[in-house]
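Trainee: I am new to this structure. Please take one part of it and go through it closely.

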Amino acid sequence: MPNEKLLRFGRAGHFWQDCGLLGLWSMLKDICQGDVKLSLDSEGLSLEGEPSLMESALMAAYDRLVARYYDVSTQKQRDNKEGYNFYLDTKTETFVPFPKKKTYGIAQMVYDNPPSASVTQVGWKKGKAGDLPDSLAQLQPSLDRFLDQQGLKPTGKNLLLDGPNEIRPKAELFMSEEGKKGKNVCALCGGRTSKAVDVKSTVFPLLGGNSAGLSFNPEGGKPDKACWKCAFTGLFTPAVGLFRSSGGMLFAYFPFSSSMEALKEFLPSMKAMKDEDPNGYYNFDIRLGDYFSRESEMTLAFLHHLYVTLKNHRGEDDPLEIDELLDLVSSQGDLGFYVLAADPHTQPKGIKSLWPFTDTRWIFRLFDCLEKEGKDLKKVMALLVDWDAKKDKTLIRDRICRAMLNGRSILEATERLVYHLFGGKDRAYIAPLVDFVVFYEKNGRRTVGMKDEYREAAVRLGKRIGSIAGSNDREKGEKRGRSCLYSLRRSRSMVTFMEQLNRLQFRMAGGLVIPPDIYGGALSEANFQEFKQYCMICALNSYFAAQSSKQGNNTQEVL
């Protein structure tokens, strides 16, 4: 057609704008059925057709976006009938109730303004709420009956007409400016534009709005400018991101890749992960238990949920093999996620941290190994919670998860946690945790650790010490064995550690036999700390196992 034109939303190579392009494409592909050609490739998003039809398609996509992510009511708001407002439908002369509205999740970071009238409004008579103006006085009896039936009280200075309040961020399309070169340079895509807007929260919320954006600008100047295309696509990012609110914080996850095709292929999997909470606290579930309220532990739970969802996307009866799964996330380009933690209750929104997680293939391999070896990660996560703490119940678990995300050792942190949580108890079931730590240090850790034979020697020694100490305490009804464990743990050097081992042999009347490889090089100054930590974790586990047999309970396995 002679009037057809090409409209291109270029790719900025930035995760926020890439997700916005992906969200806009996902809305448009159900709208553009032939009159407008749509394509998404490595260069960006393209529309081809008559300008009026393209503009109509873009606004239709925007209307869908607003209805799904911005102009929403939670289940709590819908159930609270007393909080309803109402408007007058002037065509039917009836009053229509509607619930309160508020953005939540990622959309709340973009636009958190209160609702405003969607059509028009008229003032109450003499400013008294509930008294219709003279032009509508004939409807006063109907209004009184409506208010009595609904149990509502009129509020505000005006009566809404022909539509409810609406949360609708401003969006402008300048189709006529396409192809024109302006003097303004977009701070996001680098292109020149004749129609620019200030970079604010609806464009790029990491600047937090005009007031916060000033602190990012040289010499306290005005905010940078963005082209109308970047401003428009930035509104669609909530359609792609996943989030979860916990502990007063918002944790959000945005996919990124060097390949737009990879993001395009991955979008259905992101949608499959979504499990919308009716009250807006999350849009994805976690499978590792409760009390996930910190950044690293939440991220590990998110990645685990992603792993399970992708693995079972053909159905739980036909799970993907690990090679198929890895190919799914890297066939078009390696897939990663930007992790954002923010305080949604501040104005402007307080971004606490933003960082990329790029080791998706590695973490999936770790989860696969854990599954194949029968390690129950959910039980492990539960054992890492400090249930007795009044606050910060998962502080140490978060540190352990952070180390796991980076492939670092978790041995030291776990050893401290185990003795902090369980050292004073008579019995505890920590075998899954001890088993997990030993397995992770051998198979999941990416930094250099002890040799396998030295690790096995430390585990055997700890098992012998704990088993004999627990058996002696059980038979004699005392806690001398437990005190021996603490004496051994307090050793600060290899010499002191060996001296304590000799004392233990004497106290246990020859019941403790030190494996010969301990003296043959398994324990050295170089690996002393790591050796001791393995030994003490396994000793406490074996101690509890020996103690549990007092009640005839042999369910706790010893390594």
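Trainee: Which residue in β17 does Tyr338 stand opposite?

Mentor: Tyr338 stands opposite Pro356 in β17. The model is a predicted one, and the part to look at is the sheet around that residue.

The sheet is open and has four strands, in the order β14-β15-β16-β17, with antiparallel pairing. Its edges are β14, residues 242-246, and β17, residues 350-357; each has a single partner strand, so one side of each is left without a neighbour in the sheet. From one strand to the next, the twist averages 15°.

Now go through the pairings in that order. β14 and β15 are antiparallel and are held together over five bridges. Ser246 is placed opposite Met249 of β15. The two strands make a hairpin with two residues between them, and Gly247, in the turn, has a positive phi of about 60°. Next, β15 and β16 run antiparallel and are joined by seven bridges. Within this pairing, Tyr253 has Val339 of β16 as its bridge partner. Between β16 and β17 there are seven bridges, again with the strands running antiparallel. The Tyr338 and Pro356 position you asked about belongs here, with Pro356 in β17.

β15 deserves a closer look. This strand is mostly covered, with eight of its eight residues buried. In a regular strand, side chains alternate between the two faces of the sheet. In β15, Met249, Phe251, Tyr253 and Pro255 point one way, while Leu250, Ala252, Phe254 and Phe256 point the other way, and all of them are buried.

Two of those residues lead back to Tyr338. Phe254 and Phe256 form one aromatic cluster with Phe15, Trp16 and Tyr338. For the rings themselves, the useful description is the distance of the centres and the angle of the planes. Over the whole structure, a search finds 27 aromatic pairs. In one of them, Phe15 and Tyr338 are stacked, at 4.3 Å centre to centre and with 15° between the planes. This pair connects distant parts of the chain: Phe15 is in helix α1 (residues 15-28), Tyr338 is in strand β16 (residues 336-343), and the two are 323 residues apart. Phe15 counts as buried because its relative accessibility is 5%, against a cut-off of under 20%. Tyr338 has a relative accessible area of 23% and is therefore partly exposed.

A second pair also involves β16. The ring centres of Phe302 and Phe337 are 5.2 Å apart and the planes stand at 80°, so this pair is edge-to-face. It too links distant parts of the chain, with Phe302 in helix α9 (residues 295-311), Phe337 in β16, and their positions 35 residues apart. Phe302 is buried, at 0% relative accessibility, and Phe337 is buried as well, with a relative accessible area of 1%.

Helices come into the picture at this point. Helix α8, residues 260-273, lies across β14, β15 (249-256) and β16, and runs at about 145° to β15. α1, the helix that holds Phe15, packs with α8. Two packed helices are described by the angle between their axes and the distance between the axes. For α1 and α8, the axes come within 11 Å and cross at roughly 65°. The crossing is right-handed. On the α1 side, the contact is made by Asp18, Leu21, Leu22, Trp25 and Ser26, and on the α8 side by Met260, Leu263, Lys264, Leu267 and Lys271.

On the α9 side, the helix of Phe302 also contains His304. His304 is buried, at 12% relative accessibility. Apart from neighbours within four places in sequence, His304 is in contact with Arg287, Leu288, Phe367 and Leu377. Both α9 and the edge strand β17 are among the elements that the buried residues of α13 pack against. In α13, residues 395-405, the buried positions are Arg397, Asp398, Ile400, Cys401, Ala403, Met404 and Leu405.

To come back to the question: Tyr338 sits opposite Pro356 across the pairing with β17, and its ring is stacked with that of Phe15.

Terms used. Residues numbered from 1 in each chain as written. Predicted model: local features only at pLDDT ≥ 70, side-chain atom pairs only at ≥ 80, totals over all residues. Heavy atoms only, no water. Phe/Tyr/Trp six-rings, centres within 6.5 Å; stacked < 30°, edge-to-face > 60°. Buried < 20%, exposed > 50% of the residue type's maximum accessible area, 1.4 Å probe, protein only. Pairing = 2+ DSSP bridges. Axes fitted to C-alpha atoms, helices over the stretch in contact; angles between N-to-C directions. Contact = heavy atoms within 4.5 Å. Left-handed = near helix turned anticlockwise from the far one by under 90°.
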